[in-house]
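Visitor: I have the sequence and the model open, and I would like to go through the contacts between side chains and between domains.

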Amino acid sequence: MGRTLQNTMINLGLQNACDEAVYQLGLDMEELEEIEEDAGLGNGGLGRLAACFLDSMATLGLAAYGYGIRYEYGIFNQKIRDGWQVEEADDWLRHGNPWEKARPEYMLPVHFYGRVEHSASGAKWIDTQVVLALPYDTPVPGYMNNTVNTMRLWSARAPNDFNLRDFNVGDYIQAVLDRNLAENISRVLYPNDNFFEGKELRLKQEYFVVAATLQDIIRRFKASKFGSTDSVRTVFDSFPDQVAIQLNDTHPAMAIPELMRIFVDIEKLPWDKAWDITKRTFAYTNHTVLPEALERWPVDLVEKLLPRHLQIIYEINQRHLDHIASLFPNDVDRLRRMSLIEEGDTKRINMAHLCIVGSHAVNGVAKIHSEIVKTQVFEDFAELEPEKFQNKTNGITPRRWLLLCNPGLAELIAEKIGEDYVRDLSQLTKLHKFVDDDLFIREVAKVKQENKVKFALYLEKEYKVKINPSSMFDVHVKRIHEYKRQLMNCLHIITMYNRIRRDPAKLFVPRTVIIGGKAAPGYHMAKMIIKLINAVAQVVNNDPVVGSKLKVIFLENYRVSLAEKVIPATDLSEQISTAGTEASGTGNMKFMLNGALTIGTMDGANVEMAEEAGEENLFIFGMRVEDVTELDRKGYNAQLYYDRLPELKQAVDQIKSGFFSPKDPNLFNDVVNMLFHHDRFKVFADYEAYVKCQEKVSELYLNSKAWTKMVIRNIAAAGKFSSDRTIKEYARDIWHVEPSDLKIPPPNEPRDAGQDKTPNGTTA
């Protein structure tokens, strides 16, 4: 979520008033804002997307709730020591959190372990361990519409009789100390991005948030006028018309068997009725196609922790497979491919399959990704129900990612096209009229230059390196992962370095290359990549021949509040994943909106950015999805590229020989060995095209006016990438609710009874 103070002031239209009031008290608002901790309760783009969605849902007047876990420790703080990443606990609640309100009156029990008893009256889950879920509510204000929604985060609490009832009479002290076991559930965020780690505590977290949230939703449904009716059979008939639940990836997939358990075991609905309601309630968003990221929980673990849920999953699977067998008799391989249960050394539950079968809509997060989902990853399911599969291209909130972080640019745009674009970003197309306006061109360049100077001062303060603010700021910030190819950027840095040293007198367009991002603590290769970047920086930044022509900075502890500083100052945005691996990306959109140009592959939302702005206004290079597929068919041989390309050979040899690690020449053996023998993401295959494309970037940067005109064309084409547009599509195509741009009356005015916030009362 990042910080809340400035975002709240902007959405409430109070920023100028607060700035002025605080100034009169002899304080500086910016200094105050820097004191607030980031709420870092998610990983990378997936968590940030949810935050943007909450802002858009409130701004569109949707009656929507964001549910999650109130982690005591969020994503770790990253320190760089001697070039290595070191993790520190993120004790973000140390000084309290003024934005949250505990709601003990809505506390709910969540059950684990135990066993299932079957009788004539149905299944009973008994002898369970109980953990209490305590909700904390954080307000989510819409932009200037007097709407405030709620983000409800659950915290785990042990019941007061925990370990003190039945057998454990003796050791009272130990019993109280053991309360920690229950409360550990909400202790810490698992820091993996795009990687599945099948740990018991993580499964507990996933079920904890799901069980508490579903009880909360059903309580709210029953309390509303829709839930009250005489006949027990029809109580839940209207449930899918009043409630929509969006599964953000497979992490909350246990909601499907949990809702079935509530309907069948507790509410005593017949299976078919319960299943129909469940399917119409859930929709699933897929966020990755990387096989190592797909959740596959061991059956033994689920059986131990959630025995009733395993039975329900088996029943769902049986009916699902019976249906497929009736459509495709004797096709046992299809049954194996489509089963929710994967046979093997350890039997596993494929959570994505569970989500697809248990949802009425499945979507990817960019056109190219949704195609891959339909034609490759889940092709059997798409063949069965093509109408279930959709695309919803991701977006970003223009409130945080333009107004808040880049007020200079936001104001300049407002002068030209008015202020309405903040709620309707498609209006940015009006900027096309000014692409040849010399004054506007100069003003856009001036805002960028001011942002760069401000960020350069920040870097000099934090990193004690002198930055040339007229150099091109070439920025690559995102989670560190092999598929995002920070290594390819690194090879380009080494290549630029070698070119400068080979011919120091030759014209070189000065660059400050900024790379930042966290590596999952257990991801060895990602940590080696960070060390390599820092080792290269050490050499480059201290070579007198290079001087101010090339500087390399690894940005420590990349997070939302740091993104808000670096993105407005960026000239060149690096979006260089192997085609077919980045589902969408959202950083790419933030840079586009803030006046950076993009160098990137035809991957994720880059494809649609090129479509909107015209491919000639992005620096697109490298293999397309088809080329990658073809190369896989032929077999990728890294050695070929190494032998063919002298500059690549030189760079790789320098890494290999210890040029960047003289004290330990073998330090980067693992990296080099990976690049030659098991590089799934084909860095060498795109290296040549990447370097050539970078030459075109430098050439354009020399012509400041032509560069800025291309920037304006990009900003004018960025309107599609507002999360407001994304949410309108979810509302229309999946949730079946009507967004409302009615500004509800402020609390001090009488409310008009006829003014209904959401005409169709579904809650998302």
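Guide: Buried means under 20% relative accessible area, exposed means over 50%, and partly exposed lies in between. Please keep in mind that this is a predicted model.

Visitor: Is Glu 615 buried, exposed or partly exposed?

Guide: The side chains of Glu 615 and Arg 624 meet in a salt bridge, at 3.3 Å from N to O. The relative accessibility of Glu 615 is 40%, and because partly exposed covers the range between under 20% and over 50%, Glu 615 counts as partly exposed.

Visitor: How many residues apart are Lys 656 and Asp 653 in helix H27, and how does that relate to a helical turn?

Guide: Lys 656 forms a salt bridge with Asp 653, with 3.8 Å between the closest N and O atoms. An α-helix has 3.6 residues a turn, so residues three or four places apart point the same way. Lys 656 and Asp 653 are separated by about one helical turn, because their spacing in helix H27 is three residues.

Visitor: Which parts of the chain does the pair of Arg 399 and Asp 724 link?

Guide: Arg 399 forms a salt bridge with Asp 724, the closest N and O atoms being 2.8 Å apart, and both Arg 399 and Asp 724 are buried. The two residues lie 325 residues apart, and the pair links distant parts of the chain, namely helix H17 (residues 398-404) and helix H31 (residues 723-735).

Visitor: What area is buried between domain 1 and domain 2?

Guide: The protein is divided into domain 1 (235-392) and domain 2 (465-714), and their contact takes 12 residues from domain 1 and 16 residues from domain 2. Carbon and sulfur atoms give 60% of the area buried between domain 1 and domain 2, which is about 960 Å².

Visitor: Which three residues supply 48% of the area that domain 1 buries against domain 2?

Guide: On the side of domain 1 that touches domain 2, the residues divide into seven nonpolar, three polar and two charged. The three that supply 48% of the area domain 1 buries against domain 2, more than any other three residues, are Leu 290, Lys 367 and Ile 368.

Visitor: How many salt bridges are there between domain 1 and domain 2?

Guide: Side chains of opposite charge can pair when their charged atoms come close. Glu 292 and Arg 680 form a salt bridge with their closest N and O atoms 2.9 Å apart. Between domain 1 and domain 2, the count of salt bridges is two.

Note on methods
Residues numbered from 1 in each chain as written. Predicted model: local features only at pLDDT ≥ 70, side-chain atom pairs only at ≥ 80, totals over all residues. Heavy atoms only, no water. Domains from an automatic or database assignment. Contact = heavy atoms within 4.5 Å. Buried area = accessible area lost by both parts, 1.4 Å probe. Salt bridge = Lys/Arg side-chain N within 4 Å of Asp/Glu carboxyl O. Nonpolar A, V, L, I, M, F, W, Y, C, P; charged D, E, K, R; others polar. Helix = DSSP H or I, 4+ residues; strand = E, 2+ residues; numbered from the N terminus. Buried < 20%, exposed > 50% of the residue type's maximum accessible area, 1.4 Å probe, protein only.
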